[in-house]
Structure formats: structure tokens, C-alpha cells
Amino acid sequence: MLWTITIACLFLAGLIFRQSFRRDEGQEMAGEDSGLAILEFGRAFPEEAIRAVIPTANGRTVFLRLHDGKAGCMHAHGHHYSCHLIEPGTVRVNSAGPKRLSVLFANAAFEGGTFEFRDEK
């Protein structure tokens with residue numbers, strides 16, 4: 001009987017720990033902190049100056065407007081980020097509705113898709 005209670009308590013403690021870890025991860029990926037995008041993209045491309053940070057609605061992808069007409073893109077894969085430099089002529093963008101853009105990249109390094117933003121601006 002004592003072993004059953006001990007195992008049940010350990011299992012319950014594991015579930016509580018897992019839920020608290022998931023909550024912390026969700027807050028990190030919220031996209032509300034543009035400083036993380038600036039640091040990660042600056043680490044990948046130190047010679048590029050960032051002028052604006054535009055996160056998607058879910059915060060998993062961040063588009064960056066750079067100083068010389070180029071753009072950047074940072075996509076979160078769990079705790080890892082892939083940063084890409086988008087030069088003029090290497091991307092095709094179409095409207096997919098209000099607050100949504102369909103993006104197709106010419107190079108296969110980054111998969112495009114439909115991105116929803118918080119506002120139309």
C-alpha cells in the first residue's frame with residue numbers, strides 16, 4: 001500500500017513539474033519580448049542594423065525590417081531559432097485576408113506559409 005501511494009505521489013509531482021515547464025515555455029514564445037528577436041538575429045547577422053520588429057500573432061515567427069531595404073525572418077523551433085536574411089527579389093508575398101500574408105521564399109532554406117499578424121499595420 002505504501003509503494004502505491006509513493007508511486008502515485010511521484011507521478012503527480014512529475015505532472016505538476018511538466019505543466020509548470022510548459023507554461024514557462026509558452027510565455028517565452030509569446031512574441032511580446034522583441035529584445036530576444038533582436039539579440040538572436042544580431043548574433044546570426046551582426047552586420048545588419050534592425051529598424052523594426054514585426055511579430056506574428058502567435059509569436060513563433062518574427063519579421064524584421066533592416067536598414068538597407070532588406071528584411072529578416074526569425075522562426076522559433078522550440079528553444080532554437082532559425083534566422084534568415086531576405087533580400088529583394090527572393091520572396092513572393094500575397095494577401096491571404098485581413099491581417100494575413102502568404103509568403104513564398106525563392107530559396108528553399110526557409111519554408112514559407114501563411115502568417116497572421118496582430119493588426120493590419
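**Entry 1: sheet of strands 5, 6 and 7**

I began with the open sheet of 3 strands in this predicted model. I read its strand order as 5-6-7, with antiparallel pairing. I noted that strand 5 (91–95) and strand 7 (113–116) stand at the edges; each has a single partner strand, so one side of each is left without a neighbour in the sheet. For the twist, I recorded an average turn of 30° between neighbouring strands of this sheet, direction ignored.

I then looked up the pairing of strand 5 with strand 6, residues 100–105. I found the antiparallel sense, over 5 bridges. As for Val91, I found that Phe105 in strand 6 is its bridge partner.

**Entry 2: sheet of strands 1 to 4**

I turned next to the open sheet of 4 strands, in which the order is 1-2-3-4 and the pairing is antiparallel. I listed strand 1 (50–55) and strand 4 (80–86) as the edge strands, each pairing on one side only. Here I recorded that neighbouring strands are turned by 20° against each other on average, direction ignored.

Within this sheet I examined strand 3 (residues 71–77) and strand 4, and I counted 7 bridges between them, in the antiparallel sense. I also located Gly72, which stands opposite Leu85 of strand 4.

**Entry 3: helix 2**

Which strands does helix 2 lie across? I traced this helix over residues 34–44 and found that it lies across strand 1, strand 2 (61–66), strand 3 and strand 4. I noted that helix 2 runs at about 65° to strand 4.

Technical notes. Residues numbered from 1 in each chain as written. Predicted model: local features only at pLDDT ≥ 70, side-chain atom pairs only at ≥ 80, totals over all residues. Heavy atoms only, no water. Pairing = 2+ DSSP bridges. Helix = DSSP H or I, 4+ residues; strand = E, 2+ residues; numbered from the N terminus. Axes fitted to C-alpha atoms, helices over the stretch in contact; angles between N-to-C directions. Contact = heavy atoms within 4.5 Å.
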